[in-house]
Amino acid sequence: MERTGILNGRECSLRVREEIKREVEELKGAGQGIPGLAVVLVGDDPASRVYVGQKEKACGEVGFRSLLYRLPEETTQEELMDLVEELNGKGEVHGILVQLPLPGHMDSEAVLEAISPAKDVDGFHPVNMGHLVTGLPCTEPCTPKGIMYLLESYGIEMEGKKAVVLGRSNIVGKPIAHMLLSRNATVTICHSRTPDIVSYTREADIVIAAVGRPRFLTSEMVKEGSVIVDVGINRLEEGLVGDVDFEGVKDKASWITPVPGGVGPMTIAMLLFNTMEAFRKTFE
Ligand code: NAP
């Protein structure tokens, strides 16, 4: 069988970031202002701190203005809503990202709904989600958008393929299923109540694994020649591990994403992409 191809998210994201950086330099040269991203972090969740740090760094590297708002764990819902309202009205802020998960006493849905859909660079606002499902123009959520970008960059055919999505979260499973559907794949979504998941994955041409279970997808579960996308980020003592047993699956797949260096870097690249788009739209 042919050698397995690695869907290299690190390389692909670098190309996107270089392109955005070049565009920002042009904007600066033309005195047209620069895109600004406000990131709001509530509390002290260690993983969230890492993600926010990565996003800030990426913004700085492409020349965006990045504003970090670190709020204490005991921040009230009202205080957070007031900040979101303030950011909605701030001209130099083109994108607003409230890092999830929020502390337990907060209503995340209400906070996400309070963000102006035009500044919702995470693509989680119900308006953007609704547009995604109905096929209208929208800001697509970063992780699924990054997956599609990566698959398309490598010329992976989706039309007419059987795609299986493992996981049905609002941030990955559901939106990626709709995006695959919009590319004319035949899509099945599996979740924790799906009996006999292997009967679906074994038939799949494309598997998107987003369950948050280390090495969940094993070699016996996949079809020879399938395309495997690993969204999982599981922090174990041995290091970062995906939802796919990479070593076992890699020789059976035709294409596979590594962890790290697959979907993760694409997510950040798409956040920059969405912020750039939000900035551009302010001139329309
Ligand atoms: P989530 O909200 O916890 O959702 C997990 C989904 O997996 C749920 O739909 C759940 O089913 C399903 N599931 C859990 N255990 C299962 C099992 N044993 N069999 C079948 N389905 C099962 O997670 P998420 O936010 O979508 O994230 C998924 C993974 O991707 C996590 O590891 C996360 O860290 C990672 N992630 C990575 C990025 C990135 O940039 N690379 C971005 C986002 C997330 P039920 O709905 O029935 O509970």
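This passage describes the domains, the two sheets and the cavity of a predicted model.

The domain assignment of the chain gives two ranges, with domain 1 spanning residues 34–116 and domain 2 spanning residues 142–264. The centres of domain 1 and domain 2, taken over C-alpha atoms, are separated by 29 Å.

One open sheet is formed by three strands in the order 3-2-4, with parallel pairing. Its edges are strand 3 (65–71) and strand 4, each of which pairs on one side only. From one strand to the next, the twist averages 15 degrees. Strand 2, residues 36–42, is joined to strand 4 in the parallel sense over four bridges. Within this pairing, Leu 37 stands opposite Gly 95 of strand 4. Helix 3, residues 77–88, packs on the sheet and touches strand 2, strand 3 and strand 4. The direction of helix 3 makes about 180 degrees with that of strand 2.

A second open sheet contains six strands in the order 1-11-8-7-5-6, and its pairing is parallel. Strand 1 (5–6) and strand 6 (186–190) stand at the edges with a single partner strand each, so one side of each has no neighbour in the sheet. Strand 7 (residues 206–209) and strand 8 (residues 227–230) pair in the parallel sense, with four bridges between them. Ala 209 has Asp 230, in strand 8, as its bridge partner. Helix 7, residues 173–182, lies across strand 5 (162–166), strand 6 and strand 7. Relative to strand 5, helix 7 runs at about 170 degrees.

With a cut-off of 30 Å³ or more, the count of cavities comes to one. The largest cavity holds about 30 Å³ of space. Its lining consists of Ile 96, Leu 97, Val 98, Leu 112, Ile 115, Asp 120, Asp 122, Phe 124 and His 125. Strand 4 (residues 95–98), an edge strand of the sheet with the order 3-2-4, contributes the largest share of this lining, three residues. By class, six of the lining residues are nonpolar, one is polar and two are charged. Among the lining residues, Asp 120 and Asp 122 belong to the charged class, whereas His 125 is counted as polar.

Notes. Residues are numbered from 1 along each chain as its sequence is written. This is a predicted model: local features need pLDDT of at least 70, side-chain atom pairs count only at pLDDT 80 or more; totals for chains, interfaces and linings use all residues. Side-chain values use heavy atoms; hydrogens and water are left out. On a 1 Å grid over the protein atoms alone, a cavity is a set of points where a 1.4 Å probe fits but cannot get out, and a pocket is an open set with protein on both sides within 12 Å along at least five of seven lines; lining residues have an atom within 4 Å of a point. Grid points are joined across faces, edges and corners, and a volume is the space filled by probe spheres set on the points. Helices (H or I, at least four residues) and strands (E, at least two) are DSSP runs, numbered from the N terminus. Two strands pair if DSSP finds at least two bridges between them. Axes are lines fitted to C-alpha atoms, for helices over the stretch in contact, and angles run from 0 to 180 degrees between N-to-C directions. Contact means heavy atoms within 4.5 Å. Domain bounds come from an automatic or database domain assignment.
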